[in-house]
Amino acid sequence: MTTSFALVATMAALYAAGVYAMLERSLTRVLIGFLLLGNATNLLLLTVMGYPGVSPFHGDEGRQSDPLPQALMLTAIVITFAVSAFLLALIYRSWQLGRADTVEDDEADVSLRAVAIETEDALEAEEEDAETGDESVTDFVGVDASPITLLHAVDAPALDDDAPVDRPRRGRDDRDDRGDPTP
């Protein structure tokens, strides 16, 4: 099977124009871009379908086309129609409320963008500090006391050293943290 170069070039042009149109702020242009992407997808499925003009189940002899891309094309048409209807409803409601179909930035988006930029700058500064070799010093360097202490009955009379504890089972030669052999 040979695919027409004109069909592939048309499909590529539709994809490019659709993506370009969807990157605009106007909802009408987003709708047009989505429709172009839907048509480009239908052309893609048409090119992978098989031999043109041949039914999928023509018999045992002769060329046959694949029925799966035909089913996928029908599904793509339905999805494109449903999303287009949804976008049209959004465009109509936007026109009713503001007499414009452009998407504007609200204060919450602007403040989130500012916080994201500040966070990114802080992370870059920390990364530069880590690359230069400035090591962070903890509060416990050079201190004889450890931040974690094990408590036994000597430390607190309410603790029972012989109470059962959940510990992972170790080998027979291992000893627990007090030096006693494990059961």
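Student: Which side chain does the side chain of Asp101 join in a polar contact?

Tutor: Start with the status of the model: it is predicted. In it, the side chains of Asp101 and Thr28 form a polar contact of 2.3 Å.

Student: Where is Asp101 found?

Tutor: Place a residue among the elements before reading its contacts. Asp101 lies in the loop between helix 3 (67-98) and helix 4 (107-132). Setting aside neighbours within four places in sequence, Asp101 contacts Arg25, Ser26, Leu27, Thr28, Ile91 and Ser94.

Student: Which side chain of opposite charge is nearest to Asp101?

Tutor: A salt bridge needs a nitrogen-to-oxygen distance within 4 Å. For Asp101, the nearest side chain of opposite charge is Arg29, 7.7 Å away. Asp101 is buried, yet has no salt bridge.

Student: Now Thr80. Why does Thr80 count as buried?

Tutor: Buried means under 20% relative accessible area. Thr80 counts as buried because its relative accessibility is 14%.

Student: What does the side chain of Thr80 reach?

Tutor: Check backbone atoms as well as side chains. Thr80 sits in helix 3. Its side chain reaches the backbone oxygen of Ala76 at 2.7 Å. Beyond neighbours within four places in sequence, Thr80 is in contact with Phe34, Leu35 and Gly38.

Student: How many helices and strands does the chain have?

Tutor: Four helices and zero strands. From the N terminus, the order is α-α-α-α.

Student: What share of the residues counts as buried?

Tutor: Of the 183 residues, 17% count as buried. The accessible surface comes to about 14,500 Å², with 61% belonging to carbon and sulfur atoms.

Key: Residues are numbered from 1 along each chain as its sequence is written. This is a predicted model: local features need pLDDT of at least 70, side-chain atom pairs count only at pLDDT 80 or more; totals for chains, interfaces and linings use all residues. Side-chain values use heavy atoms; hydrogens and water are left out. Helices (H or I, at least four residues) and strands (E, at least two) are DSSP runs, numbered from the N terminus. Buried means under 20% relative accessible area, exposed over 50%, partly exposed in between (1.4 Å probe, protein chains only). Lys and Arg count as positive and Asp and Glu as negative; His and the chain ends are not counted. A polar contact is a pair of N or O atoms within 3.5 Å; within protein, one must be able to donate a hydrogen and the other to accept it, and residues adjacent in sequence count only if both atoms are side-chain atoms. Contact means heavy atoms within 4.5 Å. Accessible areas come from the Shrake-Rupley method with a 1.4 Å probe; for residues, only the protein chains shown count as cover.
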